[in-house]
Amino acid sequence: PDDELQAVIRTHAQEMAAREPGTRLGADPEELHKFRVATRRIRSLLRSTRGLVDDREESERLRAELKWLASLLGEVRDRDVLIAYLLGELESLDGAPFGAVLKVLDEERDAAREELVAGLDSPRYRQLVEDLQQPPRLRDGETLAGAAKGDYKRLRKTMNGLGADPADEALHEARIRAKRARYAVEAAGIGSSFVKRAKELQDVLGEHQDAVVAEARIRELLQRVRGSGRTAFAAGRLVERQTARRAAARDAWKPARRKLEK
């Protein structure tokens, strides 16, 4: 019979299988998002338990293959998110001529989708699906609760090292640690209040990271399309909004952290 790690991994693998048809079709971005979350949860658990499994080499190999798949999914998802965000923001910018920018993003997304579908059609993906049918198991005496405690300790260490005004990269790393700890605690079936507050912190830090990425991409895309003065003005407004998003997130993450530590 499955141990607790295998049972959780199998559940997420079933979610991947359920979301694959919708991901291939591409009509609903949420299908791809849920597919990607399932892969990330498995990867995160394998990372959390890498010192606790009976076959670490196989666990690490499986995690590397999931990282490959996640990168294909991420290239599409990142464009989906940015396109949806820009369309929403442009509604309040009086129909600014941003069509050339959106066209570039659409073309990038189409190319990323082609790569993704090719990946899903590949022997490499089929082998990954097969390998997930026999996931790694914990060594005798090890538990998911033990893995969760280890992740929480690492999260606290990261948080304690952030300082008063951490770099963007440091906040991004803190978000990854919070997510990993949350996934481990959820898998272990403990700490429901921790899960809720970890998600709140994760959301705040995610908003910060989204603003950082969006600002960089808006600047880069504007250079590529060499748009009109009105396009440049709209891009400037959008960059200002990213600065405001980042500032709001930086105001909010410390209270969210304090709530989590309680």
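**Exercise 1. In which helix does R40 lie, and is R40 buried or exposed?**

The structure is a predicted model, in which local features need pLDDT of at least 70 and side-chain atom pairs count only at pLDDT 80 or more, while totals for chains, interfaces and linings use all residues. Residues are numbered from 1 along each chain as its sequence is written, and side-chain values use heavy atoms, with hydrogens and water left out.

Step 1. R40 belongs to helix α2. Helices (H or I, at least four residues) and strands (E, at least two) are DSSP runs, numbered from the N terminus.

Step 2. Buried means under 20% relative accessible area, exposed over 50%, and partly exposed in between, with a 1.4 Å probe and protein chains only. R40 has a relative accessible area of 19%, so R40 is buried.

Step 3. Between the C-alpha atoms of R40 and Q127 the separation is 18 Å, and the two residues are 87 residues apart along the chain.

**Exercise 2. Place A17, E60 and V185 in their helices and classify the accessibility of each.**

Step 1. A17 is found in helix α1. Its relative accessibility of 48% makes A17 partly exposed. From A17 to A164 the C-alpha distance is 44 Å, with their positions 147 residues apart in sequence.

Step 2. E60 is part of helix α3 and is partly exposed at 26% relative accessibility. E60 and A188, which are 128 residues apart in sequence, lie 21 Å apart in space, C-alpha to C-alpha.

Step 3. V185 is in helix α7. With a relative accessible area of 6%, V185 is buried. V185 and A64 are 22 Å apart, C-alpha to C-alpha, and 121 residues apart in sequence.

**Exercise 3. Find the aromatic pair and explain what it ties together.**

Step 1. A pair of aromatic rings is described by the distance of the centres and the angle of the planes. Rings of Phe, Tyr and Trp (its six-membered ring) pair if their centres lie within 6.5 Å; planes under 30 degrees apart count as stacked, over 60 as edge-to-face and the rest as tilted.

Step 2. This rule gives a count of one aromatic pair. The pair is formed by Y152 and F194, with 5.6 Å centre to centre and 85° between the planes, and is edge-to-face.

Step 3. Y152 lies in helix α6 (residues 144-160) and F194 in helix α8 (residues 192-225), so the pair ties together parts that are 42 residues apart in sequence.

Step 4. Y152 is partly exposed at a relative accessible area of 25%, whereas F194 is buried at 14% relative accessibility.

**Exercise 4. Describe the largest cavity and the largest pocket.**

Step 1. On a 1 Å grid over the protein atoms alone, a cavity is a set of points where a 1.4 Å probe fits but cannot get out; a pocket is an open set with protein on both sides within 12 Å along at least five of seven lines, and lining residues have an atom within 4 Å of a point. Grid points are joined across faces, edges and corners, and a volume is the space filled by probe spheres set on the points.

Step 2. The count is one cavity of 30 Å³ or more, and the largest cavity has a volume of about 40 Å³. Its lining consists of Y152, L155, R156, M159, R257, L260 and E261. Two or more of these residues come from each of α6 and α9 (229-261), and α6 gives the largest share, four residues.

Step 3. The largest pocket holds about 1400 Å³ of space. It is lined by 38 residues, of which R36, R40, H172, R175 and K179 are the closest to its centre. Two or more lining residues come from each of α2 (29-48), α3 (56-90), α7 (168-188) and α8, and α3 provides the largest share, 12 residues.

Step 4. For the classes, Ala, Val, Leu, Ile, Met, Phe, Trp, Tyr, Cys and Pro count as nonpolar, Asp, Glu, Lys and Arg as charged, and the others, Gly among them, as polar. The pocket lining has nine nonpolar, eight polar and 21 charged residues. The cavity lining has four nonpolar, no polar and three charged residues.
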